[in-house]
Amino acid sequence: EKSILIDFSSSSGDIYLSAGIENSKFGTFFSIGNYLDELTLAVSAPFEEIEGSIYLIPLSEILSNQNTAIKQYNSLQIKSSTNITSTLSSNIHKFPNRFGDKMFTWSWNGYEYLIVSEPGTSQFKVFSSGNLIAILKSDQTTNILGTNGKKQWNLLSEELYDLNNDGYPDIIIGSIYSDNLGPQSGTVMVLDGKKFWNKLNKYSFMNSFMDGFKIIQIESIILETFQIPNQLIQQNHYEHFGSSYAQSDNLIFIGINSIGSITVFNKKTYKFIGILNHDNDNLLLKDRFYNIERKNSKETGLYAYNSNTILTGKINDKEWLLIGSPGFSYNKIYHLSGIAFLYIIEPNNNIKLIKKIIPFNLNEKIDKSEFINSMFASNLKKITNSLILISSNGYDDGKGSLSLLNLNEILLDESNWDKGVIDAKIIVKGDKDIGFTDFGSTCIQSFNFNDKIFLAISLSDYFHDSFGNNNSFRSGAVLLKSI
């Protein structure tokens, strides 16, 4: 067990959680599920004590006992203590494990497992009721700094996607740094959910066992591997294919950072169709372009640059696609203000831009300087199929904010499909006098508890010490806020 510091002292009723350990980046990622046979918050601290940790905290312990300003709670701590890579000489430099950099709740037919990524070792550890039951690994990956090879595999999506429509949710992994076709060309792999389930639950002498958990070779459960299309390969490589991933009914969307675009694949044939970027309002088919050259981040606007910046959904048979571009400078005046692009996916698989979303109302005569460097759309989180939370981690000199976008207001009235600009309304602002916390950039979750709706917001760069513990600074926190 490990103590968690809980601060109830905020006059607004906000709750701050911290592990009280410097440089741990507590709150980088979290997930909510029945991990301890009750509603539980799993919080990662991927740099704690070098290797990383996960904290499992029953929400009832936090939200039912708010009678003191500051208290400690002994949570269940999971350490990255099981490293099954070969023993290496101490003078060989390895990637940091970063245990807990991403998490994914795999659920099927009443079963629920917490999958935790460890990109430094390209391993994925599977937990049930707080116990390690399996490790997904590959003997083809490397964890040595400065070496070529397949490396730094991570989870790419929290969504329960089912690529082959067999009723089992698949697991999406990949890495922009993996040297699959060339230096840091990148890769995306879809792991077959049915094969994962069978491997997890069927005893086989083909599987290795260590200390009661199973070893599952990733290659044995791969459903499909996606690589950068040939016409997008850059000279000297470093394409960084696989920055983000999403699916619709018939299409697959995969980000590629070197050109600031989304590559689009047919979901049934897995064939490359074309690309999307902020320079084109519609899908650019593969036979309409060639030799697209590398762009810098100013030119790309960080379009779909990580797994938090792409969402898909459907409202009344209308499929939509939302892509964040937090490095976009609106009108070249509001530097790094950020923008999100809303597309409709037509039945013929054409993709059409219908709206641009920005963090401020252009018609209001107010000082908009607080939106400069706001990095709006650094994280997109779907809380219902029509309500989207959008993070601006740099808003108002680093305080940060969350805005709410209601897609019903756009999609249900086709007269609104004018490619025009609308604003998303701010509903949460970060606290003042704390400084930059990376507010909501790495993770946002919503949940219900005792008929109240709560938001959990990552503050992975939180250094302010509100816990009064010998004036030492913390690194990372999670904000729980009732809305």
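In what order do the strands of the open sheet of 4 strands run? The order is β26-β27-β28-β30, with antiparallel pairing, where strands are DSSP runs of E of at least two residues, numbered from the N terminus, and two strands pair if DSSP finds at least two bridges between them. This is a predicted model, in which local features need pLDDT of at least 70, side-chain atom pairs count only at pLDDT 80 or more, and totals for chains, interfaces and linings use all residues. Residues are numbered from 1 along each chain as its sequence is written, and side-chain values use heavy atoms, with hydrogens and water left out.

Select 376-382 and 425-429 to see the edge strands, β26 and β30, each of which pairs on one side only. From one strand to the next the twist averages 30°, with axes taken as lines fitted to C-alpha atoms and angles running from 0 to 180 degrees between N-to-C directions. Next, select 387-392 and 401-406, where β27 and β28 pair in the antiparallel sense over 6 bridges; Ser392 has Ser401 of β28 as its bridge partner.

Now move to β18, residues 251-256, where 6 of 6 residues are buried (under 20% relative accessible area with a 1.4 Å probe, protein chains only). Leu251, Phe253 and Gly255 point one way from β18, while Ile252, Ile254 and Ile256 point the other way.

Add β17 (241-247), which pairs with β18 in the antiparallel sense over 4 bridges and forms a hairpin with β18 that has 3 residues between the strands; here Ala246 stands opposite Phe253. Finally, select β19 (261-266), whose antiparallel pairing with β18 covers 6 bridges, with Thr263 as the bridge partner of Ile254. In the hairpin of β18 and β19, with 4 residues between the strands, Gly260 takes a positive phi near 60°.

Methods:
Buried means under 20% relative accessible area, exposed over 50%, partly exposed in between (1.4 Å probe, protein chains only).
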